Amino acid sequence: MPGSFDGLWQDLLDVGRDGTSGGYHRYTGTAAELTCREWFAAAGADRGLVLETDRNANLWAWHRPDAPGASIVTGSHLDSVPDGGAYDGPLGVVF
């Protein structure tokens with residue numbers, strides 16, 4: 001499988017980071033949040049996942065959507081609160 005947890009985390013570590021406060025500004029609809037969404041789509045594609053966007057603009061990455069049986073859903077968010085820490089947002093997506 002391409003990438004590792006550390007590699008995925010490093011990909012996002014500087015996205016939306018404020019140089020003054022050191023916190024993150026990945027507000028919904030901003031360039032930083034859109035960069036995170038593009039990263040998520042690319043990381044999913046690299047792993048052969050099928051990406052969907054629902055009517056609430058949530059991103060879903062599915063493994064073998066034609067497979068029979070129940071699905072397991074996990075997730076998090078890509079945006080952050082004002083000056084959120086490094087673990088606010090994408091950590092749950094990366095992990």
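**Note on the predicted model: core, buried loop residues and hairpin**

1. Apart from residues up to four places away in sequence, Val 15 contacts Tyr 24, Arg 26, Ala 32, Thr 35 and Cys 36. The model in which these contacts occur is a predicted one. Val 15 sits in the loop that runs between α1 and α2. The relative accessible area of Val 15 is 14%, under the 20% limit, and Val 15 is therefore buried. Between Val 15 and Leu 34, 19 residues apart in sequence, the C-alpha to C-alpha distance is 9.9 Å.

2. The overall architecture may be set out next. The protein contains 3 helices and 2 strands, and their order along the sequence is α-α-β-β-α. The protein has 95 residues, of which 24% count as buried. The accessible surface amounts to about 6300 Å², and carbon and sulfur atoms account for 55% of that surface. When contacts are restricted to residues at least 6 apart in sequence, 47% of them join residues at least 24 apart.

3. Which residues make up the largest nonpolar core? This core holds 10 residues: Leu 8, Leu 12, Val 15, Ala 32, Cys 36, Trp 39, Phe 40, Ala 43, Leu 59 and Leu 78. Two or more residues of the core come from each of the elements α1 (5-12) and α2 (31-46). The most are given by α2, which supplies 5 residues. Val 15, discussed in point 1, belongs to this core although its place is in a loop.

4. Arg 26 deserves separate attention. Is Arg 26 buried or exposed? Its relative accessibility is 1%, so Arg 26 counts as buried. Like Val 15, Arg 26 is located in the loop between α1 and α2. Beyond its neighbours up to four places away in sequence, Arg 26 touches Leu 12, Leu 13, Val 15, Gly 16, Ala 32, Glu 33, Cys 36, Leu 78, Asp 79, Ser 80, Asp 88 and Pro 90. Leu 12, Val 15, Ala 32, Cys 36 and Leu 78 are among the members of the nonpolar core. A polar atom of the Arg 26 side chain lies 3.4 Å from the backbone oxygen of Leu 12.

5. Ser 80 is a further buried loop residue, with a relative accessible area of 8%. Ser 80 is placed in the loop between β2 and α3 (91-94). Not counting residues up to four places away in sequence, the contacts of Ser 80 are Tyr 24, His 25, Arg 26, Tyr 27 and Asp 88. Ser 80 and Tyr 24 are 56 residues apart along the chain, yet their C-alpha atoms are separated by 6.6 Å.

6. Where does the side chain of Ser 80 meet the backbone of Arg 26? A polar atom of that side chain lies 3.0 Å from the backbone nitrogen of Arg 26. A polar atom of the Ser 80 side chain also lies 3.3 Å from the backbone oxygen of Tyr 24. Ser 80, in the loop between β2 and α3, thus has polar contacts with the backbone of Tyr 24 and with that of Arg 26, itself in the loop between α1 and α2.

7. The two strands are paired. Strand β1 (residues 50-53) and strand β2 (residues 59-62) run antiparallel, joined over 4 bridges. Val 50 has Trp 62 of β2 as its bridge partner. The strands form a hairpin, with 5 residues between β1 and β2.

8. By the rule applied, there is 1 aromatic pair. The ring centres of Trp 60 and Trp 62 are 5.6 Å apart and the ring planes stand at 10 degrees, so the pair is stacked. Trp 60 counts as partly exposed, at 31% relative accessibility; Trp 62 counts as partly exposed at 24%.

9. Two positive phi values should be checked against the reader's view of the backbone. Most residues other than glycine have a negative phi. In the loop between β1 and β2, Ala 57 has a positive phi near 70 degrees. At 38% relative accessibility, Ala 57 counts as partly exposed. Asp 83, in the loop between β2 and α3, is not a glycine but has a positive phi of about 60 degrees. The relative accessibility of Asp 83 is 43%, and Asp 83 counts as partly exposed.

Terms used. Residues are numbered from 1 along each chain as its sequence is written. This is a predicted model: local features need pLDDT of at least 70, side-chain atom pairs count only at pLDDT 80 or more; totals for chains, interfaces and linings use all residues. Side-chain values use heavy atoms; hydrogens and water are left out. Buried means under 20% relative accessible area, exposed over 50%, partly exposed in between (1.4 Å probe, protein chains only). Contact means heavy atoms within 4.5 Å. Accessible areas come from the Shrake-Rupley method with a 1.4 Å probe; for residues, only the protein chains shown count as cover. A nonpolar core is a set of buried Ala, Val, Leu, Ile, Met, Phe, Trp, Tyr and Cys residues joined through side-chain atoms within 4.5 Å. A polar contact is a pair of N or O atoms within 3.5 Å; within protein, one must be able to donate a hydrogen and the other to accept it, and residues adjacent in sequence count only if both atoms are side-chain atoms. Two strands pair if DSSP finds at least two bridges between them. Rings of Phe, Tyr and Trp (its six-membered ring) pair if their centres lie within 6.5 Å; planes under 30 degrees apart count as stacked, over 60 as edge-to-face and the rest as tilted.
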